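Welcome! Open your viewer, switch on the residue labels, and follow this tour one selection at a time.

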Amino acid sequence: MSVPRHVAIILDGNGRWAKSKGMPRTYGHTVGAKNVETICRAAWNMGIEYLTFYAFSTENWTRPDDEVKALMSLLSNYLATCKKTAKKNNMHVRVIGDITRLDPKFQSQIKEIEEYSKDFDGLNMTIAINYGSRDEIRRAVTKITEDAKDGKVEEITEELISSYLDTKELPDPDLMIRTSGEQRLSNYLLWQLAYSEFYFTETPWPAFGEEDLKKAVEAYEKRDRRFGNAEE
């Protein structure tokens, strides 16, 4: 069995799922947040070492103000309880994205949970908040340029660029899952997903359970990953 080491997930369909239940969009986000722990536990039991969730993109700021506020509150509340979850599941928690736009209290929460969980050696769980891949690459190029001026950069290689990205501590994803039927990357891990396998499902994120994850992994196991090499 060839289980993916790192799975990246785009959590799509929260609002549409809630609407189908006659509930406000925020209800879908609440249920979706609770589903993260379920999938983390299932992934670890399957042998997956890294999970990265796309929770809030740089483009999500354009959503209605009440929805943005609800999402920020939900993410903040999640991190507030994440210590207990991280300890219980021996889980290393990271956040990627430009957190400087977030509320100072929220930024402190992020730094606190990252420091608290840094030595846990179970599942590596990463949450992308105020993350956009183009913005990530822009920030990386800016930093590389600054370091080059200071004589800290001699040659620009793929490895160097990777070392300046938010995901520098993570292996590239083997599998990317997007829920709720959409088939696009939406500015998610563009550099890192260069040779990842993609899996799209009609199931919305709040309804995406352990069996759905198993189906995605089973589909991955049937893929022939050649990383650009010619067929034998």
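**Stop 1: an enclosed space.** Select His6, Thr167, Leu170, Pro171, Asp172, Pro173, Leu189 and Gln192: these residues line the largest cavity. Keep in mind as you look around that this is a predicted model. How much space lies in the largest cavity? About 30 Å³. The count of cavities of 30 Å³ or more comes to one. Try colouring your selection by class: the lining of this cavity has four nonpolar, three polar and one charged residues. If you wonder how such spaces are found, rolling a probe the size of a water molecule over the atoms shows where empty space is left.

**Stop 2: the largest pocket.** Clear the selection and pick Leu11, Asn14, Tyr54, Ala55 and Arg63. Of the 30 residues that line the largest pocket, these five are the closest to its centre. The volume of the largest pocket is about 650 Å³. Which elements each supply at least two residues of its lining? Show helix 1 (14-20), helix 2, strand 2 (50-57) and helix 3 (65-89), and you have them on screen. By class, the lining of the largest pocket divides into 14 nonpolar, eight polar and eight charged residues.

**Stop 3: helix 2 beside helix 3.** Now keep helix 2 and helix 3 visible and hide the rest. Two packed helices are described by the angle between their axes and the distance between the axes. Here the axes come within 10 Å and cross at roughly 15°. Angles under 35 degrees count as roughly parallel, so helix 2 is roughly parallel to helix 3. The crossing of this pair is right-handed. To see the contact, show the side chains of Arg25, Thr26, His29, Thr30, Ala33, Val36 and Glu37 on helix 2, then Glu67, Ala70, Leu71, Leu74, Tyr78, Thr85, Lys88 and Asn89 on helix 3. This contact has six nonpolar, five polar and four charged residues.

**Stop 4: the partnership of helix 3 and helix 4.** Leave helix 3 on and add helix 4 (residues 104-117). The two pack at an angle of about 20°, with axes 10 Å apart, and are therefore roughly parallel to each other. Is their crossing left-handed or right-handed? For helix 3 and helix 4 it is left-handed. On the helix 3 side, select Met72, Leu75, Ser76, Leu79, Ala80, Cys82, Lys83, Ala86 and Lys87. Across from them, helix 4 makes the contact with Phe106, Gln109, Ile110, Glu112, Ile113, Tyr116 and Ser117. The residues of this contact divide into ten nonpolar, three polar and three charged.

**Stop 5: back to helix 2, with helix 7.** Finally, select residues 25-46 for helix 2 and residues 210-221 for helix 7. Their axes are 10 Å apart, at an angle of about 45°, which makes helix 2 oblique to helix 7. This crossing is right-handed. Where do the two helices meet? Ile39, Ala42, Ala43 and Met46 in helix 2 meet Glu210, Leu213, Lys214 and Val217 in helix 7. Colour this last contact by class and you will find six nonpolar residues, no polar ones and two charged ones.

Methods:
Residues are numbered from 1 along each chain as its sequence is written. This is a predicted model: local features need pLDDT of at least 70, side-chain atom pairs count only at pLDDT 80 or more; totals for chains, interfaces and linings use all residues. Side-chain values use heavy atoms; hydrogens and water are left out. Axes are lines fitted to C-alpha atoms, for helices over the stretch in contact, and angles run from 0 to 180 degrees between N-to-C directions. Helices (H or I, at least four residues) and strands (E, at least two) are DSSP runs, numbered from the N terminus. Angles under 35 degrees count as roughly parallel, over 145 as roughly antiparallel, 65 to 115 as roughly perpendicular and the rest as oblique. A crossing is left-handed if the near helix is turned anticlockwise from the far one by less than a right angle, and right-handed if clockwise. Contact means heavy atoms within 4.5 Å. Ala, Val, Leu, Ile, Met, Phe, Trp, Tyr, Cys and Pro count as nonpolar, Asp, Glu, Lys and Arg as charged, and the others, Gly among them, as polar. On a 1 Å grid over the protein atoms alone, a cavity is a set of points where a 1.4 Å probe fits but cannot get out, and a pocket is an open set with protein on both sides within 12 Å along at least five of seven lines; lining residues have an atom within 4 Å of a point. Grid points are joined across faces, edges and corners, and a volume is the space filled by probe spheres set on the points.
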